[in-house]
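Hello,

Here is the structure I promised to pass on. Please open it alongside this message, and my notes follow below.

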Amino acid sequence: MTIADGIWQQVFNFDNYGELLALVRNSLVAGAALGLVGGLVGVFVIMRDLPFAVHGISELSFAGASAALLLGMNIVAGSIVGSLVAAGAIGLLGSRARDRNSVIGVIMPFGLGLGVLFLALYKGRAANKFGLLTGQIVAVDTPQMSWLLGTSAVVLVALAVMWRPLAFASADPDVAEARGVPVRALSFAFMIVLGLAVALSVQIVGALLVLTLVVTPAAAAARLTASPVLLPFLSVLFAVASIEGGILLALGSSIPISPYVTTISFAIYLGCRLLGRRRKPRRHEDMKGCSSIPVS
């Protein structure tokens, strides 16, 4: 066997695939829930220019999960606590974009440093440490599934309640505030929702690559449409396709799930970007054609 064949076997190996598929049934269900949550939350992350906040929250989520792993507690719960602490701090201390980025810049290294400390003190399996950073697919047991689905339901209900005013406040905060929309309260509430979504995503793709679920699908969808109905639909579709496709590809290999999810997500984004560029000239030509029509 050549070196290339050995690498191929590590990346794609579908021996006994049917038997292995039964091991990730929980992960597939969790992945669908996370795709739905990440796709919907990502719409507002793009509208409100919060990708940097997602990365900052993920670092403290990683610290919380690492602490839970060290203490023998529920990892999902620890991840959620860390995310909520970060989201609350960013929401309270960073009301303006400049202040928010400064707060995030302080929180990120602190959270990462804590996470590294807790993992260094943990003497258990190395795979558990690695999984918090790069994701895992077979470690979603029944208790974790309950946490994941329960928290996903909370996020979805919260988004359903504040979707319309949040969309208004995200598109034009000044006008929304003048119309009586509680812009600041909505901003803080969304940061909490974002913290929960990030904590969920860390469980599958790891702390380092959360952006691929919470940002990339929505960014790809925004390249194709600005429709308030089609945009969230495409964002969810892209997120679910990325995570489910990544799980199914990673199942037959010794490689962590995150490279597969990120590659699929990036390929979708690249395709949407190219398709969006092709559509723009056509729109311009259509507008020129319309402008030449005499108006009676």
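**What I found**

Phenylalanine 233 is exposed, because its relative accessible area is 52% and exposed means over 50%. Keep in mind that this is a predicted model. Phenylalanine 233 sits in helix α13, which covers residues 230–250. Its C-alpha atom is 9.3 Å from that of leucine 36, although 197 residues separate the two along the chain.

**The chain as a whole**

The chain has 14 helices and zero strands. Read along the sequence, the pattern is α-α-α-α-α-α-α-α-α-α-α-α-α-α. Of its 296 residues, 45% count as buried. Take the contacts between residues at least 6 apart in sequence: 77% of them join residues at least 24 apart. The chain exposes about 14900 Å². Carbon and sulfur atoms supply 67% of that area.

**The cores**

Which residues have the most contacts inside the largest nonpolar core? They are Val41, Val45, Phe190 and Leu194. This core has 65 residues. Helix α10, residues 183–205, gives the largest share of it, with 14 residues. Apart from this core lies another, of eleven residues. Among its members are Ala220, Ala221, Leu224 and Leu234. As background, nonpolar side chains tend to be buried together in soluble globular proteins.

Phenylalanine 190 is worth a click. Leaving out residues up to four places away in sequence, phenylalanine 190 touches Val41, Phe44, Val45, Arg48, Leu50, Met162 and Leu166.

**Helices α3 and α4, and the loop between**

Helix α3 runs over residues 25–47 and has 23 residues. From first C-alpha to last it reaches 34 Å, close to the 33 Å expected at 1.5 Å a residue.

Aspartate 49 comes just after α3. It lies in the loop between α3 and α4. Its phi is positive, about 55 degrees, although aspartate 49 is not a glycine. Most residues other than glycine have a negative phi. Is aspartate 49 buried or exposed? Aspartate 49 is exposed, because its relative accessible area is 58% and the cut-off for exposed is over 50%.

Helix α4 has 21 residues. It reaches 31 Å from its first C-alpha to its last, close to the 30 Å expected at 1.5 Å a residue. This helix is mostly covered, with 16 of its 21 residues buried. Glycine 72 follows α4 and has a positive phi, near 75 degrees.

**Helix α5**

Helix α5 spans residues 75–93 and has 19 residues. At 1.5 Å a residue it should span 27 Å, and its end C-alpha atoms are 27 Å apart, so the two agree. Buried residues in α5 include Ile75, Val76, Ala77, Gly78, Ser79 and Ile80. Further along α5, Gly82, Ser83, Ala86, Ala87, Gly88 and Ile90 are buried too. For reading the helix by eye: an α-helix has 3.6 residues a turn, so residues three or four places apart point the same way.

**A nonpolar patch on the surface**

Leu70, Leu71, Met73, Leu117 and Leu121 form a nonpolar patch on the surface. Together they have about 480 Å² of accessible area. The elements that give two or more residues to the patch are α4 (51–71) and α6 (97–121). Leucine 121 lies in helix α6. Leucine 121 is partly exposed, because its relative accessible area is 48% and partly exposed covers values between under 20% and over 50%.

**Two more sites towards the end of the chain**

Valine 261 is in helix α14, residues 258–291. It counts as buried, because its relative accessibility is 0% and buried means under 20%. Which residues does valine 261 touch, not counting those up to four places away in sequence? They are Val205, Thr212, Ser242, Ile243 and Gly246. The C-alpha atoms of valine 261 and valine 205 are separated by 7.6 Å, and the two are 56 residues apart along the chain.

Proline 228 is in the loop between α12 (216–222) and α13. Proline 228 counts as exposed, at 66% relative accessibility. Its C-alpha atom is separated by 8.9 Å from that of alanine 167, which is 61 residues away along the chain.

Best wishes

Notes. Residues are numbered from 1 along each chain as its sequence is written. This is a predicted model: local features need pLDDT of at least 70, side-chain atom pairs count only at pLDDT 80 or more; totals for chains, interfaces and linings use all residues. Side-chain values use heavy atoms; hydrogens and water are left out. Patches are made of residues with over 30% relative accessible area and no salt bridge: like charges are joined within 9 Å, nonpolar side chains (Val, Leu, Ile, Met, Phe, Trp, Tyr) within 5 Å. Accessible areas come from the Shrake-Rupley method with a 1.4 Å probe; for residues, only the protein chains shown count as cover. A salt bridge is a side-chain nitrogen of Lys or Arg within 4 Å of a carboxyl oxygen of Asp or Glu. Helices (H or I, at least four residues) and strands (E, at least two) are DSSP runs, numbered from the N terminus. Buried means under 20% relative accessible area, exposed over 50%, partly exposed in between (1.4 Å probe, protein chains only). Contact means heavy atoms within 4.5 Å. The expected span of a helix is 1.5 Å times one less than its number of residues. A nonpolar core is a set of buried Ala, Val, Leu, Ile, Met, Phe, Trp, Tyr and Cys residues joined through side-chain atoms within 4.5 Å.
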